[in-house]
Amino acid sequence: MAYYIDMKNKVEKIKQEKDILILGIETSCDDTSAAITRNGREILGQKIASQIELHKRYGGVVPEIASRKHIETISPLIEETIEEAGVSLDSLHGVAVTYGPGLAGALLVGVSAAKALAYGLTIPLIGVHHIEGHISANYIEHKDLEPPFLCLVVSGGHSHLVWVKDYGKYEILGRTLDDAAGEAYDKVARTLGLGYPGGPAIDKLAPKGDPHFIEYPRPYIKESHYNFSFSGLKTAVINHLHNMKQQGQDYCAEDIAASFQQAVVDILVDKTIRAAQDKGTKKVALAGGVASNSALRAQLKERAEEKGLELYYPSPLLCTDNGAMIACAGYYRLLAGDISDLTLNAVPGLALV
Ligand code: KG4
Ligand code: ZN
């Protein structure tokens with residue numbers, strides 16, 4: 001408790017600094033990442049250690065393997081990040097860390113490392129929501145972007161339409177009622193034998209196929225609410241594939257990938273444009289791993305331009321999990337005085353609001 005009170009007092013002093021350096025740590029799934037940002041929006045150094053090679057053979061992330069690998073990786077990775085940034089540990093003003101949602105054991109590794117550093121350096125600890133991190137990646141890429149804006153967050157674990165009212169202030173307009181968009185990508189890719197993660201593989205294959213080879217279902221596309229459902233679409237594609245295989249029919253993976261992707265993109269684009277119009281905003285952002293999908297970017301951009309909306313998205317490296325987005329979100333939390341105490345724990349099912 002003494003630490004927390006001291007840090008609450010320290011925040012006011014930190015806010016007077018010209019340059020505020022935050023270390024961001026991310027270990028919620030299968031990427032170990034750390035980054036140092038200056039004033040939230042500039043990356044001084046960032047390291048991302050992907051575990052894809054380890055999980056590939058299982059077709060998805062194995063939680064126990066992920067936590068063990070994070071433990072091995074985290075300390076040297078933080079050291080390398082500090083070296084790359086060219087700063088000393090003493091010059092850091094805060095440590096931000098993802099504490100949920102995510103895999104419990106994986107989150108715990110990052111949270112424990114962040115607590116140790118914050119306590120040892122006597123600087124504030126800032127717990128960050130993973131989705132808030134994804135949204136914040138846009139602030140790094142677009143220095144002029146300020147809330148309010150609409151953000152479509154689509155990743156392996158989440159599909160949310162979020163109204164970003166202000167820094168750290170969110171309203172969830174809609175979310176997936178079952179699978180996340182990235183999860184559907186991964187499962188369809190697996191059935192097509194494209195390996196893990198499936199999103200980038202389908203993204204690469206789809207342009208070679210016919211997106212209207214088959215019209216897969218587009219659940220809820222015409223409904224007025226902003227919730228999504230990708231489970232039915234995923235099952236429709238998988239069943240279609242199984243039926244063709246059983247009947248010995250030849251099929252072209254490119255056409256299946258393109259048709260599946262077109263269905264996903266149609267749903268995401270339609271709902272996002274409608275939500276932007278309902279909210280009366282001109283600013284729309286994309287975030288999360290699926291935000292690096294080229295068809296989604298291109299088709300949302302086209303529709304946004306038609307409607308006079310400005311579209312923002314992070315570069316592919318900042319779309320998938322990374323420490324910089326967490327440092328950025330942590331910076332704005334710190335400015336708001338919203339810091340954590342040392343009882344901070346991993347919360348696998350943490351809600352955004
Ligand atoms: O944001 P992220 O790294 O982790 C989570 O928070 O879940 O997102 C990973 C997800 C995976 O499902 C992956 O297949 C998907 O993002 N993904 C893509 C693309 N790149 C990554 N999906 C579609 N197209 C892509 N280019
Ligand atoms: Zn993520």
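Begin by selecting proline 197, which lies in the loop between helix 6 (181-191) and helix 7 (198-205), where helices (H or I, at least four residues) and strands (E, at least two) are DSSP runs numbered from the N terminus. The peptide bond that joins tyrosine 196 to proline 197 is cis, with omega at about -5°. This is a predicted model, in which local features need pLDDT of at least 70 and side-chain atom pairs count only at pLDDT 80 or more, while totals for chains, interfaces and linings use all residues. Residues are numbered from 1 along each chain as its sequence is written, chains are lettered from A and ligands numbered from 1 in the order in which they are written, and side-chain values use heavy atoms, with hydrogens and water left out.

Move next to proline 148, in the loop between helix 5 and strand 6. A cis peptide bond is also found here, joining proline 147 and proline 148 with omega at about 5°. Most residues other than glycine have a negative phi, and most peptide bonds are trans.

Two residues deserve a look for their phi angles. Asparagine 39, in the loop between strand 2 (31-38) and strand 3 (42-50), has a positive phi of about 50° although it is not a glycine. With a relative accessible area of 23%, asparagine 39 is partly exposed; buried means under 20% relative accessible area, exposed means over 50%, and partly exposed lies in between (1.4 Å probe, protein chains only). Threonine 122, in the loop between helix 4 (104-121) and strand 5 (125-129), has a positive phi near 55°, and its relative accessible area of 39% makes threonine 122 partly exposed.

From proline 148, continue along the chain into strand 6 (residues 149-154), which pairs with strand 7 in the antiparallel sense over six bridges; two strands pair if DSSP finds at least two bridges between them. These two strands form a hairpin with four residues between them, and leucine 150 stands opposite tryptophan 163 in strand 7. Strand 7 (residues 159-166) also pairs with strand 8 (residues 169-175), again in the antiparallel sense and over six bridges. The hairpin of strand 7 and strand 8 has two residues between the strands, and glycine 168 in the turn has a positive phi of about 75°. To follow the register, display histidine 160 opposite arginine 175 and valine 162 opposite isoleucine 172. Six of the eight residues of strand 7 are buried, so strand 7 is largely enclosed by the rest of the structure.

Stay in strand 8 and select glutamate 171, which counts as partly exposed at 30% relative accessibility. Not counting residues up to four places away in sequence, glutamate 171 touches Leu161, Val162, Trp163, Lys165 and Lys279, a contact being heavy atoms within 4.5 Å. Between glutamate 171 and leucine 161 there are 8.7 Å in space, C-alpha to C-alpha, and the two are 10 residues apart in sequence.

Now select the zinc ion (ligand 2), coordinated by His130 (NE2), His134 (NE2) and Asp321 (OD) at 2.0 to 2.1 Å. Donors are N, O and S atoms within 2.8 Å of the metal (3.2 Å for Na, K and Ca), and water is not among the atoms, so sites may look incomplete. The site has four donor atoms with angles of 96 to 130° among them and is tetrahedral, a label given to four donors if all angles lie between 85 and 135 degrees. Along the chain, the donors follow the spacing H-x3-H-x186-D. Histidine 130 lies in helix 5 (residues 130-141) and aspartate 321 in the loop between helix 11 (316-319) and helix 12, so the pair ties together parts that are 191 residues apart in sequence. Histidine 130 counts as buried at 3% relative accessibility, as does aspartate 321 at 11%.

Finally, colour the protein by domain 1 (2-137 + 320-335) and domain 2 (147-312), bounds that come from an automatic or database domain assignment. Their centres, taken over C-alpha atoms, are separated by 28 Å, and the contact takes 17 residues from domain 1 and 17 residues from domain 2.

Key. Four donors count as tetrahedral if all angles lie between 85 and 135 degrees; four count as square planar and six as octahedral if opposite donors are over 155 degrees apart and all others between 65 and 115; anything else is irregular.
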